[in-house]
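Trainee: I have a structure to work through. Can we take it one question at a time?
Mentor: Go ahead.

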Amino acid sequence: FQSSQKEAIRVKEELRKEVECLRADLQQVREDRDQSVAQLNTLTAELATYSEQARKSSKDSELLRIKAAAFEETCSSQQEQIETLQKQLAVATEKLKHADVTAIEAMTGYESQKETIKDLEERLAYAEFQIIEADKLRKKLHNTILELKGNIRVFCRVRPFLSDTDSNGQEEAIISYPSSVENAGRGIDLMNQGQKCSFSYDKVFDHSASQDDVFVEMSQLVQSALDGYKVCIFAYGQTGSGKTYTMMGKPGRDQKGIIPRSLEQIFKTSQSLESQGWKYCMQASMLEIYNETIRDLLAPGRSSSEMPGGKQYTIKHDSQGNTTVSDLTTTNVFSTADVTSLLEKASHSRSVGKTQMNEQSSRSHFVFTLKIFGSNESTGQQVQGVLNLIDLAGSERLTKSGATGERLKETQAINKSLSALSDVIFAIAKNDDHVPFRNSKLTYLLQPCLGGDSKTLMFVNVSPEASSAGETLCSLRFASRVNACEIGVARRQTQSKSSSDNSNRLSYG
Ligand SMILES: Nc1ncnc2c1ncn2[C@@H]1O[C@H](COP(=O)(O)OP(=O)(O)OP(=O)(O)O)[C@@H](O)[C@H]1O
């Protein structure tokens, strides 16, 4: 028993050891299992991550596929474009080649055209020179014809719209110019109350004509005063139509009017004639006729230009057709500057009034006279010329001027002298035996200019305004009558020294 007990204990010990071993194994297996479970969890988590990534990648790859498809489409369309462009390039290259050839041809053509242009320019310059020369000749011939016809010349000048007083050209134009060749530069059409009235004169200056353009046309006439002719230039027209602008102008080289330009020319030419032996002596006088009274604008040392003691200046014509005004101041002048200062003096003395039509309206007739005495030492020739430059008072009718009182008296006096002027013109035009020169101071003073042996030019100044159409029509009609007046062929006042020694001297004064 004991041995069996021992055996049992031994077996039990062995079994216990075996159990322990098994327990250790079990423990090992459990740890392995836990490790495997942990690994499994990790792998499961990784699998989930990979699955997520795979899903994303699949989405991305889908997007990429779409994009790739789009790119492919773009590529294929670009390929098409490239093909088209290549074709176009080929065509353009072909064209360029062609253009190169053309350019070379054009270059050659250009060179030859340059030559042609140069040649044409030279011919044009020569033609222009010929035109200028021909124009000078035309003017000269025209003047000669007019002188031979013996008519009073008439130039018409239309002033531009004035920005401060006129309607600025907004209204319909009432003045137009015929385009026919025969009337170019000579015709003028006026629309008055729906009717077109056409006139033509020796020259018509439109609103764009400069002072220079105007003077060019009359410089020869002015020149003839130096040759011993009586020259009379007067401006007629309603108030504000541009008479003073035409005759006197405004300060500034380009704005100078006929009076300063004529004097400049006369002094310049007289100086250049000195080389041919001519010596000139010039005397200027200036008067105005205001309310039928003559005023001496150069009266020395008197505040008033009227004669003291109520004496009147009287106009006299001698048998030679020379005009003198008694007691009128005449001043020797030697240069344009002398005359300029006299003109300034005269402008201070002038009567300037106001009417509704023109704030600075000249209400008197202004007469500038330059007597020219020339003698030639070497030839013994003597000449006596006269230059009368006259700015008449405004010709508007009484109703239009809106004048009352003192102004009404002035307007009536102006109207009287201007209507006396038109009576004289009508009498001359009709060849009447009696011409009423003595009916006004103005007409009596102008008798030699209107009655013959003088070169006379009238400016008819007109305004472009529709509101002045009636006055413009009156002025243009009057001017046509004046233009029709034959006053005879102008006579040159000249004589040789030998005859003057025979007590037939020219009167100097
Ligand atoms: N051709 C022109 N170019 C530019 N301005 C002009 C022209 N003619 C006239 N004028 C302007 O028109 C206005 C009126 O002209 P102007 O004084 O010469 O008229 P008028 O006929 O002499 O008037 P009045 O009878 O009152 O003396 C002035 O301001 C003048 O400067």
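**A turn, two sheets and a listed site**

Mentor: Start at the loop between strand 3 and strand 4, where glutamine 193 lies. Bear in mind that this is a predicted model.

Trainee: Is glutamine 193 buried or exposed?
Mentor: Count the C-beta atoms around the residue. A residue with 12 or fewer others within 10 Å is exposed. Glutamine 193 has 8, so the class is exposed.

Trainee: What is the phi of glutamine 193?
Mentor: Most residues other than glycine have a negative phi. Glutamine 193 is not a glycine, yet its phi is positive. The residue sits in the turn of a hairpin, with two residues between strand 3 and strand 4. Its phi is about 50°.

Trainee: How many bridges join strand 3 to strand 4?
Mentor: Strand 3 covers residues 187-192, and strand 4 covers residues 195-200. The two run antiparallel. One facing pair is methionine 191 and lysine 196. The number of bridges is six.

Trainee: Which strands stand at the edges of the open sheet?
Mentor: Three strands form this sheet, in the order 2-3-4, with antiparallel pairing. An edge strand has a single partner, so one of its sides is left without a neighbour in the sheet. The edges are strand 2 and strand 4.

Trainee: Which helix packs on the sheet of strands 2-3-4?
Mentor: Look for the helix that touches strand 3 and strand 4. Its direction makes about 145° with that of strand 3. It is helix 11.

Trainee: What distance does helix 11 reach from its first C-alpha to its last?
Mentor: Helix 11 spans residues 469-484, which is 16 residues. At 1.5 Å a residue, 22 Å is expected. The model comes close to that, at 23 Å.

Trainee: What arc do the buried residues of helix 11 cover?
Mentor: The buried residues are Glu471, Thr472, Ser475, Leu476, Phe478, Ala479, Val482 and Asn483. Their arc around the axis puts them on the same side of helix 11. That arc is only 165°.

Trainee: Which residue of helix 11 is in contact with glycine 237?
Mentor: Leave aside neighbours within four places in sequence. The contacts of glycine 237 are then Gly242, Lys243, Ser395, Val460, Asn461, Val462 and Ser475. Helix 11 covers residues 469-484. The contact that falls in this range is Ser475.

Trainee: Which residues does UniProt list for "binding site"?
Mentor: The record is an unreviewed entry. Glycine 237, in strand 6, is one of the listed residues. Glutamine 238, in the loop between strand 6 and helix 4, is also among them. The list reads Gly237, Gln238, Thr239, Gly240, Ser241, Gly242, Lys243 and Thr244.

Trainee: Is glutamine 238 buried or exposed?
Mentor: The cut-off for buried is 20 or more other C-beta atoms within 10 Å. Glycine 237 is buried, with 30. Glutamine 238 has 24, so this residue counts as buried.

Trainee: How many residues of strand 12 are buried?
Mentor: Strand 12 runs over residues 365-376 and has 12 residues. It is largely enclosed by the rest of the structure. The buried number is nine.

Trainee: Which residue is the bridge partner of serine 285 in strand 12?
Mentor: Strand 7 covers residues 278-290 and joins strand 12 through 12 bridges, running antiparallel. Strand 12 also pairs with strand 13, in the antiparallel sense, over 10 bridges. Asparagine 388 in strand 13 and serine 285 have a partner in common: each is paired with threonine 369.

Trainee: Which glycine takes a positive phi in the hairpin of strand 12 and strand 13?
Mentor: This hairpin has four residues between the strands. The phi in question is near 75°. The residue is glycine 380.

Trainee: What separates the C-alpha atoms of serine 378 and glycine 277?
Mentor: Serine 378 is in the loop between strand 12 and strand 13. It counts as exposed, with 8 C-beta neighbours inside 10 Å. Glycine 277 is 101 residues away along the chain. The separation of the C-alpha atoms is 5.9 Å.

Note on methods
Residues numbered from 1 in each chain as written. Predicted model: local features only at pLDDT ≥ 70, side-chain atom pairs only at ≥ 80, totals over all residues. Pairing = 2+ DSSP bridges. Expected span 1.5 Å × (residues − 1). Arc of directions from axis to C-beta. UniProt positions renumbered as here; feature names shortened; annotations may be inferred. Contact = placed C-beta atoms within 7 Å. Axes fitted to C-alpha atoms, helices over the stretch in contact; angles between N-to-C directions.
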